[in-house]
Amino acid sequence: MRHKQVTPREPAPDSKYGRVDIAKFINYIMVDGKKSLAEKCVYGAFDRIEKADKKPLEIFDQAVMNTTPQMEVRSRRVGGANYQIPMPVRGERQRALTFRWLRAASRARKGGHGMAEKLAGELMDAAQGIGDAVKKKQDVHRMAEANRAFAHFARVAR
């Protein structure tokens, strides 16, 4: 390598709750650099969760825990054929996939007025173990389980 390794930077904690993971989630929700709008969406969703007599931080943590993948399949070319090989997911990628799935499921939700309401609904569903983000995680785990026969290719030297 010619250049020194770039160290990943953590964003500053969010202004309301002082948590880095919520700040990272706000960055995932953000579109076209409009961070204040993303903050309104996330904090608005937390306010809606609070109006439903639930604790927003506990709901957020439970939703993240229920949608975090442990295994995924990765494509690998071995002997002229492509195999889907199940691999464990590393920590930073787990968080990235979780936030991406929560964002996509929220945007795809029908009904509701605005992203804050959709996000609140998806977070509450994910905390209960239902919803599209949790379904996506289960699909990924199902794919990894179905391709378990090819796990030995993960150990083959490149």
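Before we start, one definition: when I say helix or strand, I mean a DSSP run, at least four residues for a helix and at least two for a strand, numbered from the N terminus. With that in hand, hello everyone, and please keep in mind that what you see is a predicted model. On confidence, the protein chain averages a pLDDT of 91, and 97% of the residues score at least 70. Among its elements, helix H3 has the highest mean, 96, while strand S1, residues 71-78, has the lowest, 88.

Let's begin with helix H5. It covers residues 115-128, and from first C-alpha to last it reaches 20 Å, close to the 20 Å expected for its 14 residues. Just after H5 comes Gly-129, which takes a positive phi of about 90 degrees.

So, is H5 mostly covered or mostly open? Mostly covered: eleven of its 14 residues are buried. Among them are Met-115, Leu-119, Leu-123 and Met-124, along with Glu-122 and Asp-125. And what do the buried residues of H5 pack against? Their partners are five helices: H1 (20-29), H2 (35-51), H3 (56-67), H4 (91-108) and H6 (132-146).

While we are on H5, have a look at Lys-118, which sits in this helix. Leaving aside neighbours within four places in sequence, Lys-118 is in contact with Ser-106, Arg-107, Arg-109 and Gly-111. Its C-alpha is also 7.8 Å from that of Ala-45, although the two residues are 73 apart along the chain.

Now to the inside of the protein. The largest nonpolar core has 30 residues, and the members that touch the most others are Phe-25, Ile-29, Val-42, Phe-46 and Leu-123. Each of the helices H1, H2, H3, H4, H5 and H6 supplies at least two residues of this core. Take Val-42 as an example: not counting residues up to four places away in sequence, it touches Ile-22, Phe-25, Ile-26, Ile-29 and Leu-119.

Next, the aromatics. How many aromatic pairs does the structure hold? There are eight. In one of them, Phe-46 and Phe-60 have ring centres 5.8 Å apart and planes at 70 degrees; since an angle over 60 counts as edge-to-face, that is what we call this pair. Phe-46 lies in helix H2 and Phe-60 in helix H3, so the pair ties together parts that are 14 residues apart in sequence. Both rings belong to buried residues: Phe-46 has a relative accessible area of 0%, and Phe-60 has 1%. These two also belong to one aromatic cluster with Tyr-17, Phe-25, Tyr-28, Tyr-43 and Phe-99.

Staying with helix H3, we find Asn-66 there. Is Asn-66 buried or exposed? Its relative accessible area is 19%, and buried means under 20%, so Asn-66 counts as buried. Not counting residues up to four places away in sequence, it touches Ala-126, Ala-127, Gln-128, Gly-129, Val-134 and Lys-137. You may remember Gly-129 from earlier: that is the residue with the positive phi just after H5.

Last stop, the strands. S1 is joined by eight bridges to strand S2, residues 81-88, and the two run antiparallel. If you want one bridge to look for, Val-73 has Pro-86 in S2 as its partner. Together S1 and S2 form a hairpin with two residues between them, and in that turn Gly-79 has a positive phi of about 60 degrees.

That's my tour. Thanks for listening!

Key: Residues are numbered from 1 along each chain as its sequence is written. This is a predicted model: local features need pLDDT of at least 70, side-chain atom pairs count only at pLDDT 80 or more; totals for chains, interfaces and linings use all residues. Side-chain values use heavy atoms; hydrogens and water are left out. The expected span of a helix is 1.5 Å times one less than its number of residues. Buried means under 20% relative accessible area, exposed over 50%, partly exposed in between (1.4 Å probe, protein chains only). Contact means heavy atoms within 4.5 Å. A nonpolar core is a set of buried Ala, Val, Leu, Ile, Met, Phe, Trp, Tyr and Cys residues joined through side-chain atoms within 4.5 Å. pLDDT is the predictor's confidence in each residue, from 0 to 100. Rings of Phe, Tyr and Trp (its six-membered ring) pair if their centres lie within 6.5 Å; planes under 30 degrees apart count as stacked, over 60 as edge-to-face and the rest as tilted. Two strands pair if DSSP finds at least two bridges between them.
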